[in-house]
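Student: I've got a new model open and I'd like to learn how to read it. Can you take me through it feature by feature?

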Amino acid sequence: MLALLDTWLPEQRWYPVPAEGVTHEPWLTVTFGGVADVVVALLRLAGPGLATGDGALVIQVPLVLTPTAEPEADTADTEAAGLIGTVTTASGTATVHDGGVHPAAWHAYFTAALPAACEPEDCAELRDARRISGEQSNTSVVLPALPHASGRGGMLKILRTVALGPHPDVVIPEALTRAGWDGVPRFLGAVPLPAPPGTATGTNAGPDVLAHLAVLSELVHDATDGFELACAYAARGEDFGERAAELGAVVAHLHSALRDALGPGPTLEAAGFMGVLRRRAAEAFADVPDLAPQRAGVTALYDAVSARLAAAGERAGGLVRLQSIHGDLHLGQALHSPDGWKVLDFEGEPQRPVAERTAPDLPLRDVAGMLRSLDYAGAVGSATDPHWVSHAQLAFLEGYRQGSESVGDTLDVATAELLLRALTVDKALYEVVYEFRHRPAWMHIPLTAVERVLAS
């Protein structure tokens, strides 16, 4: 079986690393009962530059094993069924399918998350179920007919990269749903991998959970991806200000709901925070020669932020408070429907340790991420109005400001403005390096943003 997967895995879009020099080592196997055998293989990745031991990268490979029939005649049907190959088992030869595209695996996951009595071959919940194409880091399945307490329709996300301990895309939506905040798709359930007795998970948030394999949430009906929506507005030359302002208010209320549900974090340690920003800037300047003219401006901005934070620390009550945030917020992490905006995908960067992804941070980091996403939407949508991006960004900021005032956010304006500029530059510098390495034709988008923020 492993030899079969060694060839197939590197070709998958969700495979998390370049395949060269990487080997797959069995870690755990989970079996679901059913008409077709559903087996979940959890494999450690080993190779140059990859962590080992408890920090090793683990991928989840759901497989459906069925009795071998006649060879598939239709190539399209074979691909749709996720055919991987055949293996010899104790009971004979079996055909191996990718569980991410197979209804038998979908049934096993959603019944584990939300127990139901139906059998996979006649399960009404699977009617019109479909995998979302194009997804790169996980495998998501739309279940339009899935019934639940608040209506009908579910979204199953199979987590392709598995981390030890409770998963943030389970913990955060569950906490927000329990708190009654409706700005996220309602959390319906999850598929935990129970930890064997005495197993250390590396977290203090549930020693009985070794990891999570999947999460099930409410389907947002008639929804449009936020980035696609913004690009469409830009392409039509249509003002996005009203939608951006609504989104800004939702993000402000998200931050308030996270504080209420998960509690406040510690105060910002200014020296360490600025040290990280300066280090990342230095690395960007070393990687991209075109950034050289901006070095003095970035240094001056960061010096101003350091001075402001030092002054805030000397005033009673002036310290900057950290908290749980989204951590990877952009327009593609928001859905717009007739009911308004919903925020989703709280997992952060799947290859980073969970402790880093869930560490308290500045809410303004999410704001900076959304500002940068609006800039990209204007570029990708080929906005002909030169003020489209700036108007959308200002509208988003105004919506966030008003939403923050309504929930009692009291960070003073001057400090907030400098922090936001610094975080926006930090994000844009990261984008410059990424585009320089992978999409040079796009490098002008973040490079121009660095110049613009420094000149503002």
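Tutor: Let's start with the surface. Accessible areas come from the Shrake-Rupley method with a 1.4 Å probe. Keep in mind that this is a predicted model. For the protein chain, the accessible surface comes to about 21100 Å², and carbon and sulfur atoms account for 54% of that.

Student: What are the charged side chains like, and how far apart do the centres of the positive and negative sets lie?

Tutor: The protein chain carries 31 positive and 56 negative side chains. The centres of those two sets are 7 Å apart.

Student: How many helices and strands does the protein chain have?

Tutor: You'll find 13 helices and 16 strands. The radius of gyration is 24 Å, close to the 23 Å that the globule rule gives for 456 residues, so the chain is as compact as a globular protein of that length. Along its principal axes, the C-alpha trace spans about 70 × 50 × 50 Å. Contacts are worth a look too: of those with a separation of 6 or more, 67% join residues 24 or more positions apart.

Student: What share of the residues count as buried?

Tutor: Of the 456 residues, 50% do. The cut-off for buried is under 20% relative accessible area.

Student: And what should I expect to find inside?

Tutor: In soluble globular proteins, nonpolar side chains tend to be buried together. Here the largest nonpolar core has 71 residues, and Leu176, Phe240, Phe273, Tyr302 and Phe396 are those with the most contacts inside it. Helix H12, residues 413-438, supplies the largest share of this core, with eleven residues. There is also a second, separate core of 33 residues, with Tyr109, Leu210, Ala211 and Leu213 among them.

Student: Take Phe396, then. Which residues does it touch beyond those up to four places away in sequence?

Tutor: Phe396 touches Ala244, Ala245, Leu247, Gly248 and Val251, and also Val367, Met370, Leu371 and Leu374.

Student: Leu176 was on that list of core residues too. What about the helix around it?

Tutor: That's H4, residues 168-178. Eight of its eleven residues are buried, so H4 is largely enclosed by the rest of the structure. The buried ones are Pro168, Asp169, Val170, Ile172, Pro173, Ala175, Leu176 and Thr177. They pack against strands E8 (151-158), E10 (187-194) and E11 (209-218), as well as helices H6 (241-262) and H9 (354-357). Just after H4, Gly180 takes a positive phi of about 90°.

Student: How should I read a positive phi?

Tutor: Most residues other than glycine have a negative phi, and most peptide bonds are trans. Asp128 is not a glycine, yet has a positive phi of about 65°. Asp128 sits in the loop between helix H3 (103-113) and strand E6 (130-131), and is exposed at 58% relative accessible area. Ser382 is another residue other than glycine with a positive phi, near 55°. Look for Ser382 in the loop between helix H10 (363-380) and helix H11 (388-406).

Student: Can we try a strand? Is Ser140 buried or exposed?

Tutor: Ser140 is buried, at 5% relative accessibility, and lies in strand E7, residues 139-148. Leaving aside neighbours within four places in sequence, Ser140 is in contact with Arg130, Arg131, Ile132, Glu135, Met155, Leu156 and Lys157. His148 is found in E7 as well and is buried, with a relative accessible area of 13%. With the same kind of neighbours left aside, His148 is in contact with Leu114, Gly153, Leu188 and Glu218.

Student: How do I compare distance along the chain with distance in space?

Tutor: Try Pro338 and Asp222: they are 116 residues apart in sequence and 7.2 Å apart in space, C-alpha to C-alpha. Not counting residues up to four places away, Pro338 touches His221 and Asp222. Pro338 itself is exposed, at 69% relative accessibility, in the loop between strand E15 (334-337) and strand E16 (340-343).

Student: And how far is Ala379 from Gly53?

Tutor: Their C-alpha atoms are separated by 43 Å, with those positions 326 residues apart along the chain. Ala379 lies in helix H10 and is partly exposed, at 35% relative accessibility.

Key:
Residues numbered from 1 in each chain as written. Predicted model: local features only at pLDDT ≥ 70, side-chain atom pairs only at ≥ 80, totals over all residues. Heavy atoms only, no water. Helix = DSSP H or I, 4+ residues; strand = E, 2+ residues; numbered from the N terminus. Rg over C-alpha atoms; globule rule 2.2 N^0.38 Å. Buried < 20%, exposed > 50% of the residue type's maximum accessible area, 1.4 Å probe, protein only. Contact = heavy atoms within 4.5 Å. Lys, Arg positive; Asp, Glu negative; His and termini not counted. Charge placed at Lys NZ, Arg CZ, Asp CG, Glu CD. Core = buried A, V, L, I, M, F, W, Y, C linked by side-chain atoms within 4.5 Å.
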